[in-house]
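Trainee: I am new to this structure. Could we go through it together, one question at a time?

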2 protein chains.
Amino acid sequence: MADTHKTKQSDTKTRILDEAEKLFAQNGFKNTSISLLARKAHVNQAAVNYHFGSKGALVEQVISRRISPIDRQRMANLQAIEETATRQGRPPAIEDLLRAYIEPAFILTETAPGEKWFLVIAGRAFSEPDETIRNVFIRHFEPAFLLLVALMKEALPGLSDAVLRWRLHFVLGALSHAMRLCGSHRLPVASAPPPDTTETVVRHLVAFLATGMDAPDDAEHE
Amino acid sequence: MADTHKTKQSDTKTRILDEAEKLFAQNGFKNTSISLLARKAHVNQAAVNYHFGSKGALVEQVISRRISPIDRQRMANLQAIEETATRQGRPPAIEDLLRAYIEPAFILTETAPGEKWFLVIAGRAFSEPDETIRNVFIRHFEPAFLLLVALMKEALPGLSDAVLRWRLHFVLGALSHAMRLCGSHRLPVASAPPPDTTETVVRHLVAFLATGMDAPDDAEHE
DNA sequence: GTCTATAGATTGATAGAC
DNA sequence: GTCTATCAATCTATAGAC
């Protein structure tokens, strides 16, 4: 079949992507060299540039390969909630919105064997010093996050715009940190939380964050 | 006076530290070269290694210079709360504990002119891919965080150990993200929160996190 | 303490044979 | 598509004059 070449290429590309994901998670983008990646992936050094053009393009593909499904699932979840809310004529529930946004990141990275490397990579998105790379994440994250903001506004009509946006960024911060913790076994500090199933972590996150979102606005203290 | 040399040295060292802090915040540790740093700080390239020995040692000093006062203030705040609680024979308040831990990071970085670069650096602590650097942060953060854990246990005796530690890590995540947002004017995503005074951000953080810490434990759902 | 000059290693990317 | 060989740039660190 004509697939012979395609399969061969596909295997090599996939092997490079998988190994790059692992090394990027372990050592960061800048600290991972093409030569080390080629060695670990059992491919020739020149093959990496042949298949991806440049290191920057490789980074972009490693990220978008996993983020795209996560983002689609987030949008689908949020839109389903939006439709239900419209049909029932009442605002969506805070817990439902948070779970709709949070869960896909954990579920869709669960398939990979061993450590969930992409959780570590995505958990570093907002800390990435390289603006080009940071923008890759932002471009993917933006639509679903904006929809989350809009729906959360319906769920919490009494909250001021500024407070709502600060709180949703606290959500992003807690989520990012939890993703890094779940993706790697390295302890970031003493007294790290115990290893837990994905569902347990998501439930802890949602319970904590939903209560925080619903806290009384303290604007009157100013 | 014999201070002439000392002052000269001190000026150079301080100028290097200040410029390094800014560049590390803007571009990360790995992406900041000694030659660029020397150029921006108006010192000779060899002077950097003369004063600090190596790049790694410079990184360590940039971090510890700011973290040490923050850590001391955190410990002092928490110990004061502990004493008051002991004297009054009742557990400390969640809000007080969180504010005691959170506030020093924002207050003690406020003195620097312009952008608060160290907030960006410290906000990336748990995302740092280089284990050596990550351990510098952890070594400094550990004592105050452990004390926070212990006191929070007294404030929330009904919470299981696992849930308490997960929630305190959600606190660390939200705090880190807020620090990055406050330290830099770059928008990490659309719908970023508005620029606010330090005190306002701290109050938003404490209100959100204290309510989350106090959420009912959902362990019975398992 | 500050400078010039440079060693020594590593990097991303490419040219060209097969 | 895969290989070897190599280029050009960049980096940290140091040696040695002043």
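Trainee: How far apart, N to O, are the side chains of Glu199(B) and Arg99(B) in their salt bridge?

Mentor: This is a predicted model, where local features need pLDDT of at least 70, side-chain atom pairs count only at pLDDT 80 or more, and totals for chains, interfaces and linings use all residues. Residues are numbered from 1 along each chain as its sequence is written, chains are lettered from A and ligands numbered from 1 in the order in which they are written, and side-chain values use heavy atoms, leaving out hydrogens and water. A salt bridge is a side-chain nitrogen of Lys or Arg within 4 Å of a carboxyl oxygen of Asp or Glu. For Glu199(B) and Arg99(B) the N to O value is 3.3 Å.

Trainee: How many residues apart are the two partners, Glu199(B) and Arg99(B)?

Mentor: Helices are DSSP runs of H or I with at least four residues, strands are runs of E with at least two, and both are numbered from the N terminus. Glu199(B) sits in helix H9 of chain B, and Arg99(B) in helix H5 (residues 94-107) of chain B. The pair links distant parts of the chain, and the separation is 100 residues.

Trainee: Which class of accessibility does Glu199(B) fall in?

Mentor: Buried means under 20% relative accessible area, exposed means over 50%, and partly exposed is in between (1.4 Å probe, protein chains only). Arg99(B) has 23%, so this residue is partly exposed. Glu199(B) has 34% relative accessibility, so Glu199(B) counts as partly exposed.

Trainee: Is Glu21(B), which pairs with Arg65(B), buried or exposed?

Mentor: The salt bridge of Glu21(B) and Arg65(B) has its closest N and O atoms 3.8 Å apart. Glu21(B) lies in helix H1 of chain B and Arg65(B) in helix H4 (residues 55-88) of chain B, so the bridge ties together parts 44 residues apart in sequence. Arg65(B) is partly exposed at 27%. Glu21(B) has a relative accessible area of 5%, so Glu21(B) is buried.

Trainee: Which residues of chain A are linked in a network of salt bridges?

Mentor: Side chains of opposite charge can pair when their charged atoms come close. A search of the whole structure finds 18 salt bridges over all chains. The network links Asp18(A), Glu21(A), Arg65(A) and Arg66(A).

Trainee: How many salt bridges are counted between chain B and chain A?

Mentor: Look at the contact between the chains. There are 10 residue pairs in polar contact, both at pLDDT 80 or more. A polar contact is a pair of N or O atoms within 3.5 Å; within protein, one must be able to donate a hydrogen and the other to accept it, and residues adjacent in sequence count only if both atoms are side-chain atoms. The count of salt bridges between chain B and chain A is 0.

Trainee: Which helix gives the most to the side of chain B that touches chain A?

Mentor: Helices H1 (3-27), H7 (131-155), H8 (161-183) and H9 (198-213) of chain B each supply at least two residues of that side. By class, the side has 30 nonpolar, 15 polar and 13 charged residues. Here Ala, Val, Leu, Ile, Met, Phe, Trp, Tyr, Cys and Pro count as nonpolar, Asp, Glu, Lys and Arg as charged, and the others, Gly among them, as polar. The helix that gives the most, with 16 residues, is H8(B).

Trainee: What do the two copies meet through?

Mentor: Contact means heavy atoms within 4.5 Å. The contact takes 58 residues from each of chain B and chain A. Of the interface residues of chain B, 100% are also interface residues in chain A, so the copies meet through the same surface.

Trainee: Where does Val201(B) lie, and which residue of chain A does Val201(B) touch?

Mentor: Val201(B) lies in helix H9 of chain B. At 1% relative accessible area, Val201(B) is buried. Not counting residues up to four places away in sequence, Val201(B) touches Phe106(B), Cys182(B), Asp196(B) and, from chain A, Trp166(A).

Trainee: Which backbone oxygen does the side chain of Thr32(A) reach?

Mentor: Thr32(A) is in the loop between helix H1 (3-27) and helix H2 (34-41) of chain A. Thr32(A) is buried, at 2% relative accessible area. At 2.7 Å, its side chain reaches the backbone oxygen of Gly28(A).
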